[in-house]
Amino acid sequence: MSIVGTPDPQDPDDDVIGSNGGADSGWLTDSELEEARRHLPMLYVEALPVRLTGSGKVAQIGLLMRVSDTDSITRTIVSGRVRFGESLREALLRHLENDLGPIAFPQLPLSMSPQTVGEYFPVPSTTSELFDGRQHAVSLAYVVPVTGTCQPRQDALELAWLTPQEVREQDALSDLEGNRGVLVERLLASVSC
C-alpha cells in the first residue's frame, strides 16, 4: 500500500491574512503538522471529476496519474486539506484548480453536503478501509462535473478520462492509492452510476 501523500502546495497566491495581521499561508510548519497528525484527525476535501452527457448522466470519470512516495505510478482523485479559516467551497475550488488547472470550470453543488465521507486510518484493519500511513484523516467527498479543459498541475502526470465501466474494472480500482477505489465506488453509487 502506498501512503496517500496529498501535496500541500506553497502557492503565494493562496496566502490568507493571519491573526497577527501578517501573511499566513494557512498551513502549519512541517514540525507543527507532524505533531498535529499524531493527535488530531485532519480534514480533507476530495473530488471525483466527471463529464456528463446532455441528459446529465456520468459519461466519463477523471482519474489523476501520479508518482507515489514509493516511486510507483498510481491513480488518485483530487484531494487536499482544508485550511484554517477556509470554507469547504473555497478548499474544494482551490484543490480542483491546483490539480485540474484554471480552465477546468468545475460545477460545484449549491449545497456543500458531501456525497460521501471517507475516513482514512494510518493502519487499516480491513481491506475496505481507506488508508493514509501518515495520519487519521476525514474527507468530505464530492462528484464534481467539469466542463472546461483539464490540464493537470501540481504532482499529477496526467488526467485519464475513463468510462464508468472502465473505472470499475479491478485494475483501475486497485490502482487507486490509499484504497480509494472504495471511495470512488461510493461516489459513483451516490450519482446512480
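**Entry 1: a leucine on the surface**

I started with L157, which sits in strand β10. I am working from a predicted model, so I keep that in mind throughout. Is L157 buried or exposed? L157 has a relative accessible area of 51%, and because the cut-off for exposed is over 50%, L157 counts as exposed. I then looked for its company on the surface, and found that L157 makes a nonpolar patch of about 260 Å² with V67 and I73.

**Entry 2: the chain as a whole**

Next I stepped back to the overall numbers. The protein chain has five helices and 10 strands. Of its 193 residues, 45% are buried. About 9700 Å² of the chain is exposed, and carbon and sulfur atoms supply 53% of that area. I also checked how far along the sequence the contacts reach. Taking contacts between residues at least 6 apart in sequence, I noted that 68% join residues at least 24 apart.

**Entry 3: how far to trust it**

I looked up the confidence before going on. The mean pLDDT of the chain is 84, and 84% of the residues reach 70 or more. Residues 1-24 are another matter, since their pLDDT is below 50. That stretch still has 53 contacts in the model beyond near neighbours in sequence. Where pLDDT is low, the predicted coordinates should not be read in detail. I therefore leave the details of those contacts alone.

**Entry 4: helix α2**

I put a ruler on helix α2, which runs over residues 88-100. How far apart should its ends be? With 13 residues at 1.5 Å a residue, the helix should span 18 Å, and its end C-alpha atoms are indeed 18 Å apart, which agrees.

Then I listed which of its residues are buried: A91, L92, R94, H95, L96, N98, D99 and L100. I noticed charged names such as R94 and D99 in that list. A general reminder helps when reading such a list: an α-helix has 3.6 residues a turn, so residues three or four places apart point the same way. What covers these buried residues includes strands β3 (42-52), β4 (58-67), β6 (78-81), β9 (137-145) and β10 (156-162). β10 is also the strand that holds L157 from my opening entry.

Just after α2 comes G101, and its phi is positive, near 100 degrees.

**Entry 5: a salt-bridge network**

I count nine salt bridges in the model. One of them pairs R180 with E46, at 2.5 Å from N to O. R180 lies in the loop between α4 (170-174) and α5 (181-190) and E46 lies in strand β3, so this pair ties together parts that are 134 residues apart in sequence. Are the two partners buried or exposed? Both R180 and E46 are buried; for R180 the relative accessibility is 2%.

A second pair is R66 with E177, at 3.4 Å from N to O. R66 is in strand β4 and E177 is in the loop between α4 and α5, so the link here joins parts 111 residues apart in sequence. R66 is buried at 4% relative accessibility, and E177 is buried at 4% too.

What joins the two pairs? R180 also forms a salt bridge with E177, with the closest N and O atoms 3.6 Å apart. E46, R66, E177 and R180 are thus linked in a network of salt bridges.

**Entry 6: an arginine in α5**

I moved on to R186, which is found in helix α5. R186 is partly exposed, with a relative accessible area of 32%. Which residues does R186 touch, leaving aside neighbours within four places in sequence? I found T116, V117, G118 and L130. Between R186 and G118 the C-alpha distance is 9.5 Å, although they are 68 residues apart in sequence.

**Entry 7: two positive phi values**

Last, I checked the backbone angles. Most residues other than glycine have a negative phi. F105 has a positive one, near 50 degrees. F105 is in the loop between α2 and β7 (116-121), and is partly exposed at 47% relative accessibility.

S192 also has a positive phi, near 55 degrees. S192 is in the segment after α5, and at 72% relative accessibility S192 counts as exposed.

Terms used: Residues numbered from 1 in each chain as written. Predicted model: local features only at pLDDT ≥ 70, side-chain atom pairs only at ≥ 80, totals over all residues. Heavy atoms only, no water. Helix = DSSP H or I, 4+ residues; strand = E, 2+ residues; numbered from the N terminus. Expected span 1.5 Å × (residues − 1). Buried < 20%, exposed > 50% of the residue type's maximum accessible area, 1.4 Å probe, protein only. Contact = heavy atoms within 4.5 Å. pLDDT = per-residue confidence, 0-100. Areas by Shrake-Rupley, 256 points an atom, 1.4 Å probe, with all protein chains shown as cover. Patch = residues over 30% accessible without salt bridge, like charges linked within 9 Å, V, L, I, M, F, W, Y side chains within 5 Å. Salt bridge = Lys/Arg side-chain N within 4 Å of Asp/Glu carboxyl O.
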